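Reader: Please take a close look at a single part of this model, the place where two helices pack, and then follow the contacts outward. I would like cut-offs stated wherever a term depends on one.

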Amino acid sequence: MKYWDEMEKSYATGRVEGTDIKRFAAGAALARPEAEVPKIAKAGRAFTGEVGISTSTVTKADLDREVPSVTLSSCIDVTKWIPVDRQSGQPAALPSERLTRFVALTTLEKWPDGWKVLTDEPQTGRPC
């Protein structure tokens, strides 16, 4: 999903600017990286690697409205998306309870320039 490709770029570079995240996200799905990425960069951290997405299933579709929308349920795997110290490149300490594989519900709308992610919500207690 292009949304996650751009999220990876934002968290790796410490900047939302210079990525295409605004092409693929709006609302809460855009507000989250705009708020988090600068804080992570200021703390001297970055994320390397990639996010895995699998078993995406449409759980709701409303294609007959003026702005068509769908909701997806997907397995998100962040075991290969590692927070690191920006200067040394060494992995940052992580809490032992960190979720590495979880279900996320993603709401998308079809805008004139394409599909945009509006929300991307991890479902606590729903491993995949």
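**The packing of α1 and α3**

Author: P33 has a relative accessibility of 0% and therefore counts as buried, where buried means under 20% relative accessible area, exposed means over 50%, and partly exposed lies in between, with a 1.4 Å probe and protein chains only. This is a predicted model, in which local features need pLDDT of at least 70 and side-chain atom pairs count only at pLDDT 80 or more, while totals for chains, interfaces and linings use all residues. Residues are numbered from 1 along each chain as its sequence is written, and side-chain values use heavy atoms, with hydrogens and water left out.

P33 belongs to helix α3; helices (H or I, at least four residues) and strands (E, at least two) are DSSP runs numbered from the N terminus. Apart from residues up to four places away in sequence, P33 touches M7, Y11, V16 and P38, contact being heavy atoms within 4.5 Å. From P33 to T119 there are 86 residues along the chain, and their C-alpha atoms are separated by 12 Å.

Two of those partners, M7 and Y11, are among the α1 residues that meet α3. The α1 side of the packing consists of Y3, W4, M7, S10 and Y11, and the α3 side of A29, R32, P33, E36, V37 and I40. By class, this contact has 8 nonpolar, 1 polar and 2 charged residues. In that count, Ala, Val, Leu, Ile, Met, Phe, Trp, Tyr, Cys and Pro are nonpolar, Asp, Glu, Lys and Arg are charged, and the others, Gly among them, are polar.

Two packed helices are described by the angle between their axes and the distance between the axes. For α1 and α3 the angle is about 20° and the axes are 10 Å apart. That makes the two helices roughly parallel, a label for angles under 35 degrees, with over 145 being roughly antiparallel, 65 to 115 roughly perpendicular and the rest oblique. The axes are lines fitted to C-alpha atoms, for helices over the stretch in contact, and angles run from 0 to 180 degrees between N-to-C directions. The crossing of α1 past α3 is right-handed, meaning that the near helix is turned clockwise from the far one by less than a right angle, with anticlockwise being left-handed.

S10, on the α1 side, is buried because its relative accessibility is 0%. Beyond four places in sequence, S10 touches R15, V16, T19, I21 and V37.

I21 leads on to the largest nonpolar core, which has 22 residues, and in which Y3, W4, I21, I76 and W81 touch the most other members. A nonpolar core here is a set of buried Ala, Val, Leu, Ile, Met, Phe, Trp, Tyr and Cys residues joined through side-chain atoms within 4.5 Å. At least two core residues come from each of α1 (2–13), α2 (21–24), α3 (28–42), β3 (69–77) and β5 (101–111). The largest contribution is that of α1, with 4 residues. I76 is in contact with W4, V51, G52, I53, T100, R101, F102, A104 and C128, when its neighbours within four places in sequence are left aside.

A46, in strand β1 (residues 45–49), is buried at 6% relative accessibility. Its contacts, again without neighbours within four places, are Y11, A12, I40, I82, P83, V84 and R86; Y11 and I40 also belong to the α1 and α3 sides of the helix packing.

Which loop holds D20? D20 sits in the loop between α1 and α2, and its relative accessibility of 36% makes D20 partly exposed. The C-alpha atoms of D20 and Y3 are separated by 8.5 Å, with their positions 17 residues apart along the chain.
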